[in-house]
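User: I've got this model open and I'd like to go through it piece by piece. Can you take my questions as they come?

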Amino acid sequence: MILQNDICNVNITIDTTYTVESTDNKSYDLVINPRHLRHSDNYTVFSVQINLFSKIINIALIGDFYSYEEDCAVLEDEILTILQNDAIVQLNINDGNMINFKEFDCFGCNYGIYRVQNGYIVYGEIEITMLDFDFNKKWSFSGKDIFVSMSDKKAFELCENSIKLHDFEENFYEIDFSGKLISGV
């Protein structure tokens with residue numbers, strides 16, 4: 001995933017070669033492991049490169065095994081917010097240090113995080129979740145089946161005033177930003 005603003009460019013990829021507690025890893029400026037995962041745990045490592053134009057900061061962010069790099073982050077001014085399944089890490093882009101870490105309750109795994117007017121929408125396999133700016137759960141919405149599509153229909157679409165969803169059975173849902181069903185099943 002690539003993000004940019006006037007201050008920096010951010011590139012987030014998955015480092016498949018990184019092993020927790022190994023001395024043979026690629027060199028990083030910072031290694032952040034907020035859940036204190038160990039070598040024997042299942043995990044995914046995000047390689048986060050922050051290019052501030054005057055310097056580059058390389059960070060290994062160790063998190064949940066079910067972490068996906070596409071749509072995993074939001075860049076706002078000097079704050080980088082990263083979703084790793086059921087946990088959110090916020091980094092200060094100027095030095096790469098972690099400024100916030102929060103786990104939240106959810107069912108299934110989560111694919112993406114999106115900034116909206118009143119907080120963040122998290123697109124998950126089983127539920128769509130609204131978090132406030134402190135990452136407290138405000139509401140969640142589930143359908144009849146998982147929010148993935150086997151057809152050309154988008155499973156998740158964030159619109160200006162609503163969220164459109166298709167589940168595995170091709171059921172359609174449209175919800176507002178209060179988690180209320182507007183149309184569909």
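Analyst: Happy to. One term up front: a cavity here is a set of grid points where a 1.4 Å probe fits but cannot get out, and its lining residues have an atom within 4 Å of a point. Also keep in mind that this is a predicted model.

User: How many cavities of 30 Å³ or more are there?
Analyst: The probe has to fit inside and be unable to get out for a space to be a cavity. With the bar set at 30 Å³ or more, the count is one.

User: And how much space lies in the largest cavity?
Analyst: Pro34, Arg35, Ile62, Gly63, Asp64, Gln84, Ala87, Val89 and Phe101 line this cavity. The space in there comes to about 30 Å³.

User: Which element gives the most to the lining of the largest cavity?
Analyst: Two elements give two or more residues to the lining, strand E5 (56-64) and strand E8 (87-92). The one that gives the most, with three residues, is E5.

User: How do the residues of that lining divide into nonpolar, polar and charged?
Analyst: Pro34, Ile62 and Phe101 are among the lining residues, and residues of those types count as nonpolar. Arg35 and Asp64 are in the lining too, and Asp and Arg count as charged. The full split is five nonpolar, two polar and two charged.

User: Let's move to charges. How many salt bridges does a search of the whole structure find?
Analyst: For a pair to count, a side-chain nitrogen of Lys or Arg has to be within 4 Å of a carboxyl oxygen of Asp or Glu. Searching the whole structure on that basis gives seven.

User: How far apart are the closest N and O atoms of Arg35 and Asp64?
Analyst: These two form a salt bridge. Arg35 sits in the loop between strand E3 (30-32) and strand E4 (43-51) while Asp64 is in strand E5, so the pair links distant parts of the chain, 29 residues apart. The closest N and O atoms are separated by 3.4 Å.

User: Is Asp64 buried or exposed?
Analyst: Buried means under 20% relative accessible area. Asp64 has 18%, so Asp64 is buried.

User: Where does Asp86 lie, given that Arg35 forms a salt bridge with it?
Analyst: The closest N and O atoms of Arg35 and Asp86 are 2.5 Å apart. The two residues are 51 apart in the chain, and Asp86 lies in the loop between strand E7 (79-84) and E8.

User: Which residues are joined with Arg35 into one network of salt bridges?
Analyst: Glu103 also meets Arg35 in a salt bridge, at 2.8 Å from N to O. Glu103 is in strand E9 (residues 98-103), 68 residues from Arg35. Through shared partners, Arg35 is joined into one network with Asp64, Asp86 and Glu103.

User: Which residues make the nonpolar surface patch of about 300 Å²?
Analyst: A patch residue needs over 30% relative accessible area. Tyr66 has 44% and is partly exposed, and its place is the loop between E5 and strand E6 (73-76). The patch is made by Phe65, Tyr66 and Tyr68.

User: Last one: is Phe135, with its positive phi, buried or exposed?
Analyst: Phe135 is not a glycine, yet its phi is about 65 degrees. The residue lies in the loop between strand E12 (127-131) and strand E13 (137-142). Its relative accessibility is 1%, so Phe135 counts as buried.

Terms used:
Residues numbered from 1 in each chain as written. Predicted model: local features only at pLDDT ≥ 70, side-chain atom pairs only at ≥ 80, totals over all residues. Heavy atoms only, no water. 1 Å grid on protein atoms, 1.4 Å probe; cavity = no way out; pocket = protein on both sides within 12 Å on 5 of 7 lines; lining within 4 Å. Points joined across faces, edges and corners; volume = space filled by probe spheres on them. Helix = DSSP H or I, 4+ residues; strand = E, 2+ residues; numbered from the N terminus. Buried < 20%, exposed > 50% of the residue type's maximum accessible area, 1.4 Å probe, protein only. Patch = residues over 30% accessible without salt bridge, like charges linked within 9 Å, V, L, I, M, F, W, Y side chains within 5 Å. Areas by Shrake-Rupley, 256 points an atom, 1.4 Å probe, with all protein chains shown as cover.
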